[in-house]
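Got the viewer open and the selection box ready? Here is a walk through the model, one selection at a time.

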Amino acid sequence: MTQVAMTLQALKQAGNVGVHSFTLNKIVGTIRGAARIDDLKRMGYQIFSQPEKMGYARGVRYFLLSSPKELEKPQYRLDPVRQVYVQL
């Protein structure tokens, strides 16, 4: 599983609670969690970042707001000429 996939899985599992950057780095096994979040944003995911301290250290809590439309279930319509369903 890629680091991007692990990051996305962690965000989905965290739900409304979100996942702290320190926790995300431990889950993914990298110190570049912010780069993986940026990768997801470039792929079309909407992720909200909220600054938050953990102890005396500053970090960020990430929340997955929505997924890109192209990654969701495809939609189809009937093509009247060919009489087949085509993906929108």
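Leaving aside its neighbours within four places in sequence, which residues is Pro-68 in contact with? Select Pro-68 and find out: the residues it touches are Met-43, Gly-44 and Tyr-45. Before going further, keep in mind that this is a predicted model.

**Stop 1: around Pro-68**

Stay on Pro-68 for a moment. You're in the loop between β3 and β4 (76-79). Is Pro-68 buried or exposed? Its relative accessible area is 5%, under the 20% cut-off, so Pro-68 is buried. Now add Lys-41 to the selection and draw a C-alpha to C-alpha distance: you should get 9.4 Å, although Pro-68 and Lys-41 sit 27 residues apart in sequence. Gly-44, one of the contacts of Pro-68, deserves a click of its own. Check its backbone: Gly-44 comes just after α3 and has a positive phi of about 110°.

**Stop 2: zoom out**

Switch to cartoon and colour by secondary structure. The protein chain has 3 helices and 5 strands. Trace them from the N terminus and you'll read α-β-α-α-β-β-β-β. Colour by accessibility next: 31% of the 88 residues of the protein chain count as buried. If you like contact maps, take the contacts with a separation of 6 or more; residues 24 or more positions apart account for 46% of them.

**Stop 3: the sheet**

Now show β1, β2 and β3. They make an open sheet of 3 strands in the order β1-β3-β2, with antiparallel pairing. The edge strands are β1 (19-20) and β2, each of which pairs on one side only.

Start with β2 (residues 46-54) and β3 (residues 57-66). How many bridges join them? There are 9, and the two strands run antiparallel. To walk along the pairing, select these partners in turn:

- Ile-47, whose bridge partner in β3 is Leu-64.
- Ser-49, which stands opposite Tyr-62 in β3.
- Gln-50, bridged to Arg-61 in β3.

Follow the chain out of β2 and you reach a hairpin turn, with 2 residues between β2 and β3. Pick Gly-55 in that turn: its phi is positive, at about 70°.

Then go to the other side of β3. β1 and β3 pair in the antiparallel sense over 2 bridges. Select His-20 and you'll find Arg-61 of β3 standing opposite. Arg-61 is also the bridge partner of Gln-50, so to speak a handy place to leave a label.

**Stop 4: helices over the sheet**

Bring the helices back. α1 lies across β1, β2 and β3, and runs at about 80° to β3. α3 lies across β2 and β3, and its angle to β2 is about 160°.

Which residues of α3 (residues 33-42) are buried? Highlight Gly-33, Ala-35, Arg-36, Ile-37 and Leu-40. To see what covers these buried residues, show their surroundings: α1, α2, β2 and β3 are included in the cover.

**Stop 5: where α1 meets α2**

Hide everything except α1 (residues 3-14) and α2 (residues 21-28). Two packed helices are described by the angle between their axes and the distance between the axes. Here the angle is about 130° and the axes are 10 Å apart. An angle over 115 but not over 145 degrees falls in the oblique class, so α1 and α2 are oblique to each other. Their crossing is right-handed.

Show side chains for the contact: Gln-3, Met-6, Thr-7 and Ala-10 come from α1, while Leu-24, Ile-27 and Val-28 come from α2. Colour them by type and you'll count 5 nonpolar, 2 polar and no charged residues.

**Last pick: Ile-27**

Finish on Ile-27, in helix α2. Leaving aside neighbours within four places in sequence, Ile-27 is in contact with Met-6 and Ala-10. The C-alpha atoms of Ile-27 and Met-6 are 7.7 Å apart, with their positions 21 residues apart in sequence. How does Ile-27 class, with what relative accessibility? The value is 44%, which means that Ile-27 counts as partly exposed.

Notes
Residues are numbered from 1 along each chain as its sequence is written. Side-chain values use heavy atoms; hydrogens and water are left out. Axes are lines fitted to C-alpha atoms, for helices over the stretch in contact, and angles run from 0 to 180 degrees between N-to-C directions. Helices (H or I, at least four residues) and strands (E, at least two) are DSSP runs, numbered from the N terminus. Angles under 35 degrees count as roughly parallel, over 145 as roughly antiparallel, 65 to 115 as roughly perpendicular and the rest as oblique. A crossing is left-handed if the near helix is turned anticlockwise from the far one by less than a right angle, and right-handed if clockwise. Contact means heavy atoms within 4.5 Å. Ala, Val, Leu, Ile, Met, Phe, Trp, Tyr, Cys and Pro count as nonpolar, Asp, Glu, Lys and Arg as charged, and the others, Gly among them, as polar. Two strands pair if DSSP finds at least two bridges between them. Buried means under 20% relative accessible area, exposed over 50%, partly exposed in between (1.4 Å probe, protein chains only).
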